[in-house]
Every structure is written in C-alpha cells, then in structure tokens.
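Got the viewer open and a selection box ready? Let's walk through this one stop by stop.

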Amino acid sequence: MQELPVSSKIIKSVYFRPDDGRLYIRFKNGEERQFTGVPQKAAIAMVKAPSPGQHYIEHIRTKFERVA
C-alpha cells in the first residue's frame with residue numbers, strides 16, 4: 001500500500017493498493033472511507049486535482065463500490 005500525498009481542506013490522507021484497487025481515504029473530521037476497484041489513474045487524478053475533496057465527491061464516491 002502506498003500513501004498518496006494530498007493537499008485538501010477535507011481530506012487528511014489517501015492510501016492506495018494498486019494490486020487490488022483499494023482506495024483508503026481519511027478525512028480531517030476523523031471519518032474513513034474505503035473503495036474497491038479503483039484504477040490507479042483515478043486515485044492519482046483525485047490527489048492531483050485542484051480540489052481533491054470536490055473530485056472525490058464527483059468522481060470517486062459516486063462511481064466506485066464503497067466497502068467501508
């Protein structure tokens with residue numbers, strides 16, 4: 001698993017497992033989310049977006065299966 005650096009108002013940290021497409025997101029409010037089947041390019045696009053939090057809402061939360 002690798003940590004992806006992120007600069008966000010709402011996201012504290014992002015971890016990604018390329019072998020199975022697991023994306024772990026920890027928010028600054030203490031909540032955590034885990035998604036499966038996420039392509040590496042989608043995870044990288046989120047952390048590099050001008051607003052990673054907004055990108056998460058529009059492109060991750062609604063498109064990939066949440067498992068935790």
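Start by selecting Ser51, which is partly exposed with a relative accessible area of 37%. Keep in mind as you click around that this is a predicted model. Ser51 sits in the loop between H1 and H2. Now add Val6 to the selection: the C-alpha atoms of Ser51 and Val6 are separated by 9.8 Å, although their positions lie 45 residues apart along the chain as a sequence separation.

Next, colour the strands. What order do the five strands of the open sheet take? Reading across, you get E1-E2-E3-E4-E5, with antiparallel pairing. Strand E1 (2-4) and strand E5 (65-66) are the edges; each has a single partner strand, so one side of each is left without a neighbour in the sheet.

Walk in from the E1 edge. E1 and E2 run antiparallel and are joined by three bridges, and a hairpin of six residues connects E1 to E2. Select Glu3 and look across to E2, where Tyr15 stands opposite. Stay on Tyr15 and look towards E3: there its bridge partner is Tyr24. E2 and E3 pair in the antiparallel sense over six bridges. At the turn, the hairpin of E2 and E3 has four residues between the strands, and Gly21 takes a positive phi near 70° there.

Keep Tyr24 selected and carry on to E4, where Gln34 stands opposite Tyr24. Here strand E3 (residues 22-27) and strand E4 (residues 32-36) are paired antiparallel over four bridges. While you have side chains switched on along these strands, here is a handy rule: in a regular strand the side chains alternate between the two faces of the sheet.

Now select Arg33, which is in strand E4. Is Arg33 buried or exposed? With a relative accessible area of 19%, Arg33 is buried; the cut-off for that label is under 20%. Show the side chain of Glu31 too, and you will find a polar contact of 2.6 Å between the side chains of Arg33 and Glu31. Leaving aside residues up to four places away in sequence, Arg33 touches Leu23, Tyr24, Ile25, Phe27, Tyr56, Arg66 and Ala68.

Two of those names lead to the next stop, the aromatic rings: Phe27 and Tyr56 are both in that list of contacts. How many aromatic pairs does the structure hold? There are two. In one of them, Phe27 and Tyr56 meet edge-to-face, at 5.3 Å centre to centre with 65° between the planes. Phe27 is in strand E3 and Tyr56 in helix H2 (residues 52-60), so this pair ties together parts that are 29 residues apart in sequence. Phe27 counts as buried at 9% relative accessibility, and Tyr56 is buried as well, at 4%.

Leave Tyr56 on and add Phe35. The ring centres of Phe35 and Tyr56 are 6.0 Å apart and the planes stand at 65°, so this pair is edge-to-face. Phe35 belongs to strand E4 and Tyr56 to helix H2, so the pair ties together parts that are 21 residues apart in sequence. Phe35 is buried, with a relative accessible area of 1%. Show Phe27, Phe35 and Tyr56 together and you have the cluster that the ring pairs link up.

Last stop: helix H1 (residues 40-48). H1 lies across E1, strand E2 (11-17) and E3, and runs at about 165° to E2. Which residues in H1 are buried? Select Ala42, Ala43, Met46 and Val47. Look down the axis of H1 and these buried residues fall within an arc of 130°, so they line one face of the helix. The general background is simple: an α-helix has 3.6 residues a turn, so residues three or four places apart point the same way. Turn on the neighbours, and what covers the buried residues of H1 includes E1, E2, E3 and H2. Then rotate to the other side of H1, where Lys41 and Lys48 are exposed.

Definitions and conventions:
Residues are numbered from 1 along each chain as its sequence is written. This is a predicted model: local features need pLDDT of at least 70, side-chain atom pairs count only at pLDDT 80 or more; totals for chains, interfaces and linings use all residues. Side-chain values use heavy atoms; hydrogens and water are left out. Two strands pair if DSSP finds at least two bridges between them. Helices (H or I, at least four residues) and strands (E, at least two) are DSSP runs, numbered from the N terminus. Contact means heavy atoms within 4.5 Å. Axes are lines fitted to C-alpha atoms, for helices over the stretch in contact, and angles run from 0 to 180 degrees between N-to-C directions. Rings of Phe, Tyr and Trp (its six-membered ring) pair if their centres lie within 6.5 Å; planes under 30 degrees apart count as stacked, over 60 as edge-to-face and the rest as tilted. Buried means under 20% relative accessible area, exposed over 50%, partly exposed in between (1.4 Å probe, protein chains only). The arc is that of the directions from the helix axis to the C-beta atoms. A polar contact is a pair of N or O atoms within 3.5 Å; within protein, one must be able to donate a hydrogen and the other to accept it, and residues adjacent in sequence count only if both atoms are side-chain atoms.
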